[in-house]
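Me: Could you take a close look at one part of this model for me, the surroundings of the bound ligand? I would also be glad to hear about the pieces of chain that lead away from there.

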Amino acid sequence: MSPDILSTAESIPSSCLHRIFRAAEAREEETGTEVVKLHVGDPYFDPAGNVADAFVDAVRRGDTKYTGVEGLPELRAAVVEKLRTDNQVDSAVSRLLISPGSCQGLAALLQSLAEPGAEILLPELHWPVHLQQSLLAGFRPVLYPLGADFRPDPEAIAAAATPRTRVLLINSPANPTGVVLDRGELGALLDLARARGWHVISDEAYEHFLYEGEHVSTASLERDVPVGERIVHSVFSFSKSFAMTGYRLGYVALANDKAADVMKVSQEANIIGTSTPVQYAGIAALRSRAEAAGLNRKLVQHNRDVLLPPLVEAGLLRELPAGGWYAMLDVERTGLDAETFAERLLESKGVAVVPGNGFAMRPQLDAQGRISSHDYAPWARHLVRIAFCVDPEALETGVRKILEFVDESGRK
Ligand SMILES: Cc1ncc(COP(=O)(O)O)c(C=O)c1O
């Protein structure tokens with residue numbers, strides 16, 4: 001490690017998402033033409049009309065002062081009701097914290113659970129932010145292997161754990177794989193965590209985007225456990241379900257009151273509170289949630305069902321994703337590694353995708369928890385992630401250009 005690296009943050013390389021984001025912007029500037037953006041999980045559809053109205057009304061009425069660190073009581077009550085009826089999760093206003101985006105809620109949750117030397121179990125193919133946040137909170141991430149179909153195996157997780165393990169992170173539907181875990185799989189992971197005395201973080205940002213099977217909230221599996229003994233902390237987002245990515249609104253349903261009290265401390269230090277008008281927009285979004293989330297799911301499912309099959313037929317995608325907004329392509333037959341593939345695709349076809357190896361970084365840490373070196377899982381060398389929540393015309397063009405590019409690379 002170079003001696004001038006002082007902070008953990010300084011030791012973390014910028015993520016594959018950030019890099020491709022910048023490269024796509026630079027290309028647009030250079031060429032003056034629009035890039036087909038299949039790299040970001042930003043939807044092409046907008047929030048329901050009542051969401052903007054509620055935001056603007058709150059601003060105009062002057063509801064623009066701080067709320068408590070936990071969030072507006074009315075919004076928290078609406079979320080608790082939503083969790084009860086839609087997710088079968090038994091939460092309470094006292095255990096529910098609103099956050100400016102679920103990303104920030106996750107970061108604060110991790111800070112509130114971290115202790116010196118503690119380890120967190122993450123899947124070896126993960127959303128890079130989960131890894132970055134774990135490191136920044138002071139956790140030592142331990143990456144557990146996934147099966148050939150990217151599903152977690154409790155035995156492999158148990159084998160990767162150590163006496164220092166404190167948290168198991170579950171993300172279903174998963175970013176980047178689109179894998180959806182069923183009730184039995186979640187139950188097995190929860191049993192393992194309970195037996196070992198771990199916390200579970202369940203990131204359910206894509207809860208409404210299921211194309212096969214049903215979404216099961218991990219916390220619903222412990223609704224009959226006394227509150228004080230519960231271990232599942234659930235993280236949810238308004239961004240995906242209600243197309244509110246730029247509003248920045250999410251929430252964390254803590255397992256028990258003690259955990260909620262601790263997280264309030266980290267939130268007070270982080271944010272003081274979530275934007276007040278945005279929280280009013282959130283109340284409106286929850287009122288129209290059944291129609292909005294249902295419609296948004298249909299729009300993304302249409303993209304998946306109609307526009308992704310050519311990738312399956314071409315042998316680039318093993319199967320259509322069961323949930324979420326992303327598909328992992330395997331571009332091995334081009335002979336290009338994922339980074340070169342993404343670079344050349346952007347350069348020659350104007351299509352931005354994310355090199356999949358960036359979701360499989362393997363950091364080596366020093367005694368202080370800083371990254372001393374890193375590499376990428378070799379099996380991820382030919383994976384490339386695309387987002388299919390984008391405008392269908394853009395997706396169709398992007399898929400067509402990817403297929404052309406693969407064809408041309410095969411002929412070279
Ligand atoms: C798995 C996962 N969790 C959480 C988030 C964060 O969403 P937000 O902060 O917009 O609520 C994302 C965003 O892409 C995600 O992919």
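Reply: Happy to; what follows starts at the ligand and then moves out to the neighbouring loops, a helix and a separate sheet. Please keep in mind that this is a predicted model.

Let us begin with the ligand itself. It is surrounded by 13 residues, and the closest are Asp203, Tyr206, Ser237, Ser239 and Arg248. Three side chains can be picked out by their polar contacts with ligand oxygen atoms. For Ser237, an N or O atom of the side chain is 2.6 Å from an oxygen atom of the ligand. For Asn175, the corresponding distance to a ligand oxygen is 2.8 Å, and for the side chain of Arg248 it is 2.8 Å. On its own the ligand has 400 Å² of accessible area, and the protein covers 93% of that.

Asn175 is a good place to leave the ligand and follow the chain. A cis peptide bond, with omega about 15 degrees, joins Asn175 to Pro176. Pro176 sits in the loop between strand 5 and helix 8. Another cis bond leads from Ser172 to Pro173, where omega is near -10 degrees. Pro173 is likewise found in the loop that runs from strand 5 (165-171) to helix 8 (183-196).

Ser237 offers a second way out, as strand 7 covers residues 232-237. The loop between strand 7 and strand 8 contains Ala243. This alanine has a positive phi, near 55 degrees, although it is not a glycine. Is Ala243 buried or exposed? Its relative accessibility is 6%, so Ala243 counts as buried, the limit for that class being under 20%. You may like to set Gln88 beside it: here too phi is positive in a residue other than glycine, near 55 degrees. Gln88 belongs to the loop between helix 4 (73-86) and strand 2. With a relative accessible area of 41%, Gln88 is partly exposed.

Strands 2, 7 and 8 come together again in the surroundings of helix 9. The buried residues of this helix pack against strand 2 (96-99), helix 5 (102-113), strand 7 (232-237) and strand 8 (250-253). Those buried residues are Ala259, Ala260, Met263, Lys264, Ser266 and Gln267. How far apart are the end C-alpha atoms of helix 9? They are 20 Å apart, and this agrees with the 20 Å that the 14 residues 257-270 should span at 1.5 Å a residue; the expected span uses one less than the number of residues. At the start of the helix, Asn256 brings a side-chain oxygen to within 3.3 Å of the backbone nitrogen of Lys258. Following helix 9 comes Ile272, with a positive phi near 65 degrees.

Further along the chain there is an open sheet of three strands, ordered 9-14-11 and paired antiparallel. Strand 9 (326-330) and strand 11 (354-355) stand at its edges; each has a single partner strand, so one side of each is left without a neighbour in the sheet. Between strand 9 and strand 14 (residues 383-387) there are five bridges, and these two strands run antiparallel. If you would like a spot to look at in strand 14, Leu383 stands opposite Asp330.

Definitions and conventions. Residues numbered from 1 in each chain as written. Predicted model: local features only at pLDDT ≥ 70, side-chain atom pairs only at ≥ 80, totals over all residues. Heavy atoms only, no water. Helix = DSSP H or I, 4+ residues; strand = E, 2+ residues; numbered from the N terminus. Buried < 20%, exposed > 50% of the residue type's maximum accessible area, 1.4 Å probe, protein only. Contact = heavy atoms within 4.5 Å. Polar contact = N/O pair within 3.5 Å; in protein donor to acceptor, adjacent residues only side chain to side chain. Near = heavy atom within 4 Å. Areas by Shrake-Rupley, 256 points an atom, 1.4 Å probe, with all protein chains shown as cover. Pairing = 2+ DSSP bridges.
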